[in-house]
Amino acid sequence: MNRTIDWDEILQLVLNATGETVYMVLLAGLFTLLIGLPLGVLLFLSRRDGLLPMPRCNAALSGLVNLGRSLPFVVLLIALIPLTRLVVGTTLGSTAAVVPITIGAFPFFARIVENALDEVDTGRIEAILAMGGDIGHVIFKVLLPEALPALLAGVTLTLVMLIGFSSMAGVIGGGGLGDLAIRYGYQRFNNEVMVVTVVVLVILVQGVQSLGDRLVRSLAHRR
Amino acid sequence: MIVVEQLSKTYPSAAQPALDRVSLSIPDGAIYGILGRSGAGKSTLLRCLNLLERPDSGRIVLDGIDLTTLSNNALRRQRQRIGMIFQGFNLLHSRSVFDNVAVPLEIANVGKPWRHVRVRELLELVGLSDKAQAFPSQLSGGQKQRVGIARALAAEPAYLLSDEATSALDPQTTTSILDLLRDINRQLGVTIVLITHELDVVKSICDHAAYMQDGRLLEAGPVPRLLADAQSPLGASLRPTCGLPLGHDAPGLSFLKQYGVRAAHS
């Protein structure tokens with residue numbers, strides 16, 4: 001097994017894979033936000049003691065969210081293959097991986113949103129109602145702005161989780177850093193690729209986390 | 001004028017009613033103080049006046065309109081005529097002082113130029129013009145309550161409900177907030193309904209007073225009439241020479257009274 005290390009090739013591989021990972025994380029992150037945020041708001045409002053009490057709807061949504069969160073992601077990844085084919089037309093590639101990643105992540109994010117809104121002082125909601133505000137005013141003038149630091153912290157947490165999810169997408173041929181690690185590090189015993197992959201993943205996670213922390217701090221600072 | 005008729009409410013988890021057939025009428029221009037200990041039902045009563053709390057039975061009639069029969073939209077329009085201030089201030093921490101005061105105007109769809117003028121006017125009124133760009137967390141309790149008052153007055157309400165607005169403040173700040181409320185009542189003609197457990201609040205600014213206990217309204221009327229009534233316990237409590245506590249039936253107090261000890265109000 002004598003071979004020379006071709007750093008140019010490794011660099012090219014890792015760059016491509018990083019691009020795919022970032023693509024999957026950002027696209028899945030966008031959809032997670034678009035689905036999870038309204039769902040989290042609805043979960044919060046529809047509680048028995050909420051502003052729009054709908055206990056049955058709440059129980060159904062809550063059950064769905066728990067179901068989504070109780071399945072291990074690898075199982076979800078494989079179980080959702082038919083759905084992925086339906087939505088994207090193929091089950092291979094980074095775009096196809098976005099479907100299971102989004103479905104794995106949005107229930108988690110919806111719960112985070114619900115908990116963040118729960119932390120908003122009910123007195124502030126009442127103040128808006130007392131001035132004649134409607135449910136839209138409560139959502140857009142109180143709940144979301146007042147919970148913004150907690151929501152941003154939740155987005156950070158979710159993005160880090162998405163990086164983890166996207167790494168597993170290699171299992172179904174989704175590409176990305178995880179895929180690279182499996183194909184080169186695991187199947188071909190290429191330790192150099194493995195090490196570089198790990199370093200890039202650590203940098204990605206650290207970068208997302210510190211950027212998120214900084215945003216949250218700058219918001220909390222003036223409150 | 002606010003007329004409350006036979007208001008009753010029992011919370012699902014409670015054995016005793018929070019409100020038990022309470023009837024009350026609050027004339028225009030009054031500063032109406034409702035006294036009582038915590039748990040007496042005064043907070044529930046106040047929150048029924050703008051239907052933050054729905055009574056089980058009874059009516060709340062605001063200038064001839066029965067609030068309990070209104071649709072959601074009509075109720076929201078009436079609520080814009082009723083300002084409210086709170087013990088915990090309930091300011092939005094994501095907004096500056098200026099933007100906090102602007103909230104009721106945004107809800108009432110007032111255009112931006114006029115909103116600007118109005119907010120400046122209100123901050124002037126409460127003496128916080130220099131704090132317009134500050135955030136609530138940078139203010140003292142008294143300043144926060146001034147912002148609360150400015151916000152409550154933004155949509156030019158006819159009524160102002162005060163839910164223990166001075167209970168979280170020190171005595172000096174309390175005095176300055178009460179002075180501000182009195183000025184607002186005199187200058188703008190806003191009718192003020194306040195609930196408090198502090199006798200001094202009623203003594204210093206109210207022209208009408210009521211006393212609640214166990215969900216029932218025991219006494220109510222103009223302060224001069226209560227003072228003149230020798231049979232009225234509330235009148236006796238309000239008399240400056242005799243600082244008898246409310247609930248003067250408490251054991252031991254008659255003993256103190258007998259020996260001429262002036263008990264502090266609780």
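How much of chain A, with its 223 residues, counts as buried? Keep that in mind while you color chain A on its own; this is a predicted model, by the way. The answer is 40%.

**Stop one: chain A**

With chain A still selected, switch to cartoon. You'll see ten helices and zero strands, so to speak an α-α-α-α-α-α-α-α-α-α run when you follow the sequence. Turn the C-alpha trace onto its principal axes and chain A spans about 75 × 40 × 25 Å. Now for its contacts: taking those in chain A with a separation of 6 or more, 70% come from residues 24 or more positions apart.

**Stop two: the strands of chain B**

Move over to chain B and select residues 2-9, which make up strand 1. Add residues 19-26, strand 2 of chain B: the pairing with strand 1 is antiparallel, over five bridges. To find your place in strand 2, pick B:V3 and look across to B:S25, which stands opposite.

Next, add residues 57-62, strand 4 of chain B; strand 1 pairs with this one in the antiparallel sense too, over five bridges. Here the residue to click is B:E5, whose bridge partner in strand 4 is B:R59.

**Stop three: helix 1 of chain B**

Finally, select residues 42-49 of chain B. This is helix 1, and it is largely enclosed by the rest of the structure, because seven of its eight residues are buried. Show side chains for the buried set: B:K42, B:T44, B:L45, B:L46, B:R47, B:C48 and B:L49. Then step past the end of helix 1 to B:L51, where phi is positive, near 60 degrees.

How values were computed: Residues numbered from 1 in each chain as written. Chains lettered and ligands numbered in written order. Predicted model: local features only at pLDDT ≥ 70, side-chain atom pairs only at ≥ 80, totals over all residues. Buried ≥ 20, exposed ≤ 12 C-beta atoms within 10 Å, placed from the backbone. Helix = DSSP H or I, 4+ residues; strand = E, 2+ residues; numbered from the N terminus. Contact = placed C-beta atoms within 7 Å. Pairing = 2+ DSSP bridges.
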